Amino acid sequence: MFDRKLDGVKVAILSASGFEYSELTKPRMALDEAGAETRVVSMKPGRITGWSDSEWGDSVAVDMTLEEAAGFDFDALLIPGGVMNPDKLRMNEDVIKFVKTFVDAGKPIASICHGPQVLIETGMLDGRTMTSWPSLKTDLKNAGANWVDQEVVSDNGLVTSRKPEDIPAFNKKMIEEFAEGIHENSVMTMKYKDKQPDAHKFFR
């Protein structure tokens, strides 16, 4: 059990079908236990189906579509992994615009396994130290990130981990960073502080 460090903190969990089931449900449980208000955000309403042990697993309900979430004031973002999930997300222009609202505002972001693929599409990883599933190493380095092989990495509010076995360390660091809130010294915030988009404009 975590202390309720996140009372009042609103967290968007951005996902699509094909997410790694443990990488969404276990971090969400940790966030809920810490007092956060979590919302699963996806491209369409209904339910999204997870992937577990090399086959389709259980589904979870979508709490908000991207359009609904754009007008909601979230404090932090969680992007779970899974091979199919981030590949679907990164191809959607509105998803990337949504993620950029967190990046530009310096709000904390946590992503595990293949999830950082979505962050690559923001074009805002230059100089960030990160980890991920090993197959993303070259892609992240090409995006300007400093890739390291560690169970959890924290860089000015950006928390990343490699795989489901890293979830305990990932959850602990995620909660610490989400409790800290906006990171004014974030490299991404400083670099793009004059280009902060208004999420409400994306869906008009």
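Which residue just after H7 takes a positive phi? In this predicted model, the residue is Gly-181, with a phi of about 85°.

Helix H7 itself covers residues 167-180 and makes a good place to begin. Its 14 residues should span 20 Å at 1.5 Å a residue, and the end C-alpha atoms are indeed 20 Å apart, so expectation and model agree. Several H7 residues are buried: Ile-167, Ala-169, Phe-170, Asn-171, Met-174, Ile-175, Glu-177 and Phe-178. Those buried residues pack against helix H1 (21-33) as well as strands E1 (10-14), E7 (76-79), E8 (109-112), E11 (152-155) and E12 (158-161).

The strands lead on to the sheet. Seen in order, E6-E3-E1-E7-E8-E12-E11 make up an open sheet of 7 strands with mixed pairing. E6 and E11 are the edge strands, each pairing on one side only. Within the sheet, E8 and E12 run parallel and are joined by 4 bridges; Ile-109, for instance, has Leu-158 in E12 as its bridge partner. H7 packs on this sheet, where it touches E1, E7, E8, E11 and E12, and its direction makes about 170° with that of E8.

Aromatic side chains offer another view of the structure, in which a search finds 5 aromatic pairs. One of these joins Trp-51 and Trp-56 edge-to-face, at 5.0 Å centre to centre and with 85° between the planes. Trp-51 is partly exposed at 25% relative accessibility, and Trp-56 is likewise partly exposed, with a relative accessible area of 46%. The rings of Phe-74 and Phe-98 also form an edge-to-face pair, because their planes lie at 90°, with the centres 6.4 Å apart. This pair links distant parts of the chain, 24 residues apart: Phe-74 lies in the loop between helix H2 (66-69) and E7, while Phe-98 belongs to helix H4 (residues 93-105). Both Phe-74 and Phe-98 are buried. Ring pairs extend the picture to a cluster of Phe-72, Phe-74, Phe-98 and Phe-102. Over the ring of Phe-102 sits the charged end of Lys-107, 6.0 Å from the ring centre.

A last stop is Val-62, found in the loop between strand E5 (55-61) and strand E6 (64-65). Val-62 counts as buried because its relative accessible area is 14%, below the 20% cut-off. Beyond its neighbours within four places in sequence, Val-62 contacts Val-40, Ser-42, Lys-44, Pro-45, Gly-46, Arg-47 and Ile-48. Its C-alpha atom is separated by 9.1 Å from that of Ala-16, a residue 46 places away along the chain.

Notes. Residues are numbered from 1 along each chain as its sequence is written. This is a predicted model: local features need pLDDT of at least 70, side-chain atom pairs count only at pLDDT 80 or more; totals for chains, interfaces and linings use all residues. Side-chain values use heavy atoms; hydrogens and water are left out. Helices (H or I, at least four residues) and strands (E, at least two) are DSSP runs, numbered from the N terminus. Buried means under 20% relative accessible area, exposed over 50%, partly exposed in between (1.4 Å probe, protein chains only). Contact means heavy atoms within 4.5 Å. The expected span of a helix is 1.5 Å times one less than its number of residues. Two strands pair if DSSP finds at least two bridges between them. Axes are lines fitted to C-alpha atoms, for helices over the stretch in contact, and angles run from 0 to 180 degrees between N-to-C directions. Rings of Phe, Tyr and Trp (its six-membered ring) pair if their centres lie within 6.5 Å; planes under 30 degrees apart count as stacked, over 60 as edge-to-face and the rest as tilted. A charge sits over a ring if NZ of Lys or CZ of Arg is within 6 Å of the ring centre and within 35 degrees of the ring normal.
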